[in-house]
Amino acid sequence: MFFSKPDVPPFTPYALRAYYEWAVDNSYTPMIQVDLQSNKDEINVPAKFENDKEIVFNISPEACGNLEIGNEYVDFDARFGGQAHHIHFPVENVKLIVCRECQFGLPMDLFPGKRIKKKDTLPKKPVFSEV
C-alpha cells in the first residue's frame with residue numbers, strides 16, 4: 001500500500017526522463033500515450049487530432065526533434081503527413097510510456113504528486129532559527 005501526502009511534488013517527469021534515457025540507450029523506440037481531454041487549453045497537437053481522446057507519439061530521436069521533457073510540459077517538433085508541427089502538452093497528460101519493440105511500459109498513474117500550476121501557491125517552507 002502506498003501513502004502520499006497531498007503536497008508531494010510530481011514524480012512523473014523524472015520517471016519519464018529516466019525511462020526515455022533507458023529506452024534510447026538500449027536502442028528501443030519510446031512511445032508515449034497522451035490524454036487529449038484534460039488541460040485542453042494547454043495542448044498543441046496537429047488540428048486533425050484535436051478532438052481525439054488520446055494520441056500515441058513516437059518520441060525517439062529519429063522521429064522528433066528538440067525533445068524537452070520538463071517538470072511541467074513536454075515539447076518537441078515532429079512531422080505529420082509531411083507537415084512540421086510543434087507539439088506541446090502538460091506532463092500530467094502522459095498516461096503511459098512504452099517501448100515499441102519489447103512492449104515494456106510504465107503507466108504514469110503509479111506516481112504520486114500533483115502539478116502545481118502557476119496560479120496555485122507553493123507550500124510555505126519552514127523557517128529555522130538559531131537556538
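In which loop does Gln103 lie? Gln103 belongs to the loop between S6 and S7, in a model that is predicted. The chain holds one helix and seven strands, and the order of these elements from the N terminus is α-β-β-β-β-β-β-β. Four of the strands form one open sheet, ordered S2-S1-S6-S7, and a three-strand open sheet has the order S3-S4-S5.

**The chain as a whole**

- The chain has 131 residues, of which 32% are buried.
- The exposed surface of the chain comes to about 9,100 Å², and carbon and sulfur atoms account for 54% of that area.
- Of the contacts between residues at least 6 apart in sequence, 57% link residues at least 24 apart.

**The four-stranded sheet and the helix**

- Pairing in the sheet S2-S1-S6-S7 is antiparallel.
- Its edges are strand S2, residues 54-58, and strand S7, residues 105-107, each of which pairs on one side only.
- Averaged over this sheet, and with direction ignored, neighbouring strands are turned by 15° against each other.
- S1 and S2 run antiparallel and are joined by five bridges; in this region Met31 stands opposite Asn58 of S2.
- Strand S6, residues 94-99, pairs with S7 in the antiparallel sense through three bridges, and Leu96 has Pro107 in S7 as its bridge partner.
- Helix H1, spanning residues 12-25, lies across strand S1 (30-35), S6 and S7. The helix runs at about 15° to S6.

**The two faces of edge strand S2**

- In a regular strand, side chains alternate between the two faces of the sheet.
- In S2, Ile55 and Phe57 make up the covered face.
- The uncovered face of S2 consists of Glu54, Val56 and Asn58; Asn58 is also the residue that Met31 stands opposite.

**The three-stranded sheet**

- The sheet S3-S4-S5 is open, and its strands pair in the antiparallel sense.
- Strand S3 (64-69) and strand S5 (83-90) are the edge strands, and each pairs on one side only.
- From one strand to the next, the twist averages 15°.
- S3 pairs with strand S4, residues 73-80, in the antiparallel sense over four bridges.
- Within this pairing, Gly65 stands opposite Asp77 of S4.

**Internal space**

- Rolling a probe the size of a water molecule over the atoms shows where empty space is left.
- The count of cavities of 30 Å³ or more comes to one.
- The largest cavity contains about 30 Å³ of space.
- Which residues line the largest cavity? The lining is formed by Leu16, Ile32, Ile59, Leu67, Ile69 and Val74.

**Loop residues with positive phi**

- Asn39 is located in the loop between S1 and S2. Its phi is near 55°, a positive value in a residue other than glycine.
- Is Asn39 buried or exposed? Asn39 counts as buried because its relative accessible area is 15%, and buried means under 20%.
- Gln103, in the loop between S6 and S7, has a phi near 60°, again a positive value in a residue other than glycine.
- Gln103 has a relative accessible area of 58% and is therefore classed as exposed, the cut-off for exposed being over 50%.

**Lys53 and its contacts**

- Lys53 is placed in the loop between S1 and S2, the loop in which Asn39 also lies.
- With a relative accessible area of 66%, Lys53 is exposed.
- Leaving aside residues up to four places away in sequence, Lys53 touches Val34, Asp35, Leu36 and Gln37.
- Lys53 and Gln37 are separated by 16 residues in sequence. In space, their C-alpha atoms are 5.7 Å apart.

Note on methods:
Residues numbered from 1 in each chain as written. Predicted model: local features only at pLDDT ≥ 70, side-chain atom pairs only at ≥ 80, totals over all residues. Heavy atoms only, no water. Buried < 20%, exposed > 50% of the residue type's maximum accessible area, 1.4 Å probe, protein only. Contact = heavy atoms within 4.5 Å. Areas by Shrake-Rupley, 256 points an atom, 1.4 Å probe, with all protein chains shown as cover. Pairing = 2+ DSSP bridges. Axes fitted to C-alpha atoms, helices over the stretch in contact; angles between N-to-C directions. 1 Å grid on protein atoms, 1.4 Å probe; cavity = no way out; pocket = protein on both sides within 12 Å on 5 of 7 lines; lining within 4 Å. Points joined across faces, edges and corners; volume = space filled by probe spheres on them.
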